[in-house]
Amino acid sequence: MTSTHPDPTFQTLLNNHPNLSYEGRQGLVMDGTSLTDIAREHGTPCWVISADTLRQRAHALQDAFRARNLPIHCHFAVKAQDHQACLTVLAHCGFGADVVSGGELRRALAAGIRARDIVFSGIGKTDDELELAIHHQIGQINVESVEELHRINALAQNMQQRARIAFRVNPDIDAQTHSKITTGRAEDKFGIAHDAIPALYRKAQTDMPGVELVGLAVHLGSQMVTAAPFRKGYERIAALVRTLREDGLHVSDIDCGGGLGIAYRNEQAPPPAMLADVIAETLGDLDVQLHVEPGRWLAAPAGVLLARVIDVKDAARRFVIIDAGMNDLVRPAMYDSWHGILPLNEPDTTTEECVDVVGPICESSDIFARQRSLPPLKKGDLVALLDAGAYGTVMSSTYNSRPLAAQVMIEGDRKAIIRRRQTLEELLVQEAVPDWLARP
Ligand SMILES: *Cc1c(COP(=O)(O)O)cnc(C)c1O
């Protein structure tokens with residue numbers, strides 16, 4: 001994510017992605033399925049998500065906590081990848097959901113995730129969204145402010161219910177990641193200042209009949225690849241729990257948030273065992289029900305975005321123009337993020353050239369890779385943008401009147417279209433021209 005990392009070699013990129021390999025005439029294969037076949041059948045741009053990878057990673061995460069005997073509930077952060085099919089795979093693995101809107105809450109329920117396994121986070125929950133959550137008696141609402149606490153208490157009392165809540169703590173810690181995805185500093189908009197927690201906790205637990213306050217939640221940021229910020233954040237939570245208990249208050253649940261990063265480029269991304277170790281060391285002896293909310297770590301490596309080279313333009317630089325754009329995958333334009341790019345045909349890597357890989361959108365930021373060493377590409381060649389399974393489809397738009405791309409799920413030797421490519425007619429039919437505007 002930062003320019004301090006040199007680019008991985010072609011071979012390192014492949015080694016970092018054990019679900020991808022070149023298989024002779026099939027070209028690049030993901031978990032046994034030829035990506036070229038998918039691009040030919042469904043056209044480009046096209047998202048592919050592997051249920052096998054998703055499931056393997058879900059189990060690897062659960063195993064890391066199980067190995068340390070930690071009582072943990074895993075809630076998938078739906079905002080990273082909200083497709084019903086993906087949520088269904090994770091629900092089968094025993095995952096609950098972390099949602100940040102009423103829409104995501106409905107999606108999680110529609111995918112068969114039980115209400116009690118759903119955690120609702122988010123800085124701006126409307127009254128309607130809170131009522132929906134209270135009505136379904138979801139597992140926990142993570143409260144972001146004093147004001148929200150009062151709203152939840154009043155809404156729940158009106159509904160003659162009690163809402164299970166936790167306080168989202170702002171621990172004032174820098175997650176040491178991109179500033180657009182850090183959330184746990186005092187100046188960030190998230191959570192309740194940690195020094196304000198004890199007094200508010202007492203008030204909520206003794207004086208607010210509409211809420212059942214079960215504990216604390218923290219989420220520090222995203223794409224975190226070192227243990228230090230996690231440790232600092234959780235130590236702070238542990239100290240708070242001890243203070244609250246000394247005051248005779250009741251704490252039964254701690255939600256550790258998400259944020260575990262992956263190796264997009266050359267990051268030394270730690271395995272989930274690192275997170276489990278840190279949680280065991282800092283929170284393991286508190287006798288609480290623990291929760292985690294991973295998104296990116298689970299879903300990113302399970303997905304790729306397939307694109308075709310429209311043209312190669314030789315100017316001051318060589319530009320490889322592909323038919324996927326920032327409207328499909330916005331992360332490079334929004335966060336300067338780095339995604340591996342692999343040709344679908346096994347390339348001859350002895351003749352790499354330095355190119356910019358760009359999309360067709362009329363914006364200078366529509367760039368997937370700057371000065372990247374790649375095997376020579378020509379018009380019509382197919383490429384895969386890697387680690388696109390999280391924060392990809394969910395952020396797509398139809399900018400430049402580009403309909404949403406198709407999505408395909410693969411599992412074993414099966415593949416299914418899980419979202420049809422949108423058509424331009426579908427875009428136009430949503431628009432109405434006021435009848436006072438006479439058609440020319
Ligand atoms: C975004 C988010 C997550 C997931 O973050 P990842 O980096 O994708 O693991 C978890 N919890 C909350 C509250 C979030 O906002």
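Which polar backbone atom is 2.9 Å from an oxygen atom of the ligand? In this predicted model, the atom belongs to Gly295. The legends below start with the ligand and then move out to the chain and two of its loops.

**View 1. Polar contacts of the ligand with Lys79, Ser222 and Gly295.** Here we look at oxygen atoms of the ligand and their protein partners. An N or O atom in the side chain of Ser222 is 2.3 Å from a ligand oxygen. For the side chain of Lys79, the distance from an N or O atom to a ligand oxygen is 2.7 Å. Gly295 takes part through its backbone, with a polar atom 2.9 Å from an oxygen of the ligand. The protein covers 94% of the 390 Å² of accessible area that the ligand has on its own.

**View 2. The shell of 14 residues around the ligand.** The closest of these residues are Lys79, Ser222, Glu293, Arg296 and Tyr391. Sorted by class, the shell holds 3 nonpolar, 6 polar and 5 charged residues. The ligand takes up the space of the largest pocket.

**View 3. The protein chain, with 13 helices and 21 strands.** Its radius of gyration is 23 Å, close to the 22 Å given by the globule rule for 440 residues, so the chain is as compact as a globular protein of that length. The C-alpha trace spans about 70 × 60 × 40 Å along its principal axes.

**View 4. A cis peptide bond between Thr44 and Pro45.** Have a look at the omega angle of this bond, which is about -10°. Pro45 belongs to the loop that runs between helix H2 (35-42) and strand S4 (46-50).

**View 5. Gln137, a residue with a positive phi.** Although Gln137 is not a glycine, its phi is about 50°. You will find Gln137 in the loop between helix H6 (127-135) and strand S8 (140-143).

Terms used. Residues numbered from 1 in each chain as written. Predicted model: local features only at pLDDT ≥ 70, side-chain atom pairs only at ≥ 80, totals over all residues. Heavy atoms only, no water. Near = heavy atom within 4 Å. Polar contact = N/O pair within 3.5 Å; in protein donor to acceptor, adjacent residues only side chain to side chain. Areas by Shrake-Rupley, 256 points an atom, 1.4 Å probe, with all protein chains shown as cover. 1 Å grid on protein atoms, 1.4 Å probe; cavity = no way out; pocket = protein on both sides within 12 Å on 5 of 7 lines; lining within 4 Å. Sits in = over half its atoms within 2 Å of the grid points. Nonpolar A, V, L, I, M, F, W, Y, C, P; charged D, E, K, R; others polar. Helix = DSSP H or I, 4+ residues; strand = E, 2+ residues; numbered from the N terminus. Rg over C-alpha atoms; globule rule 2.2 N^0.38 Å.
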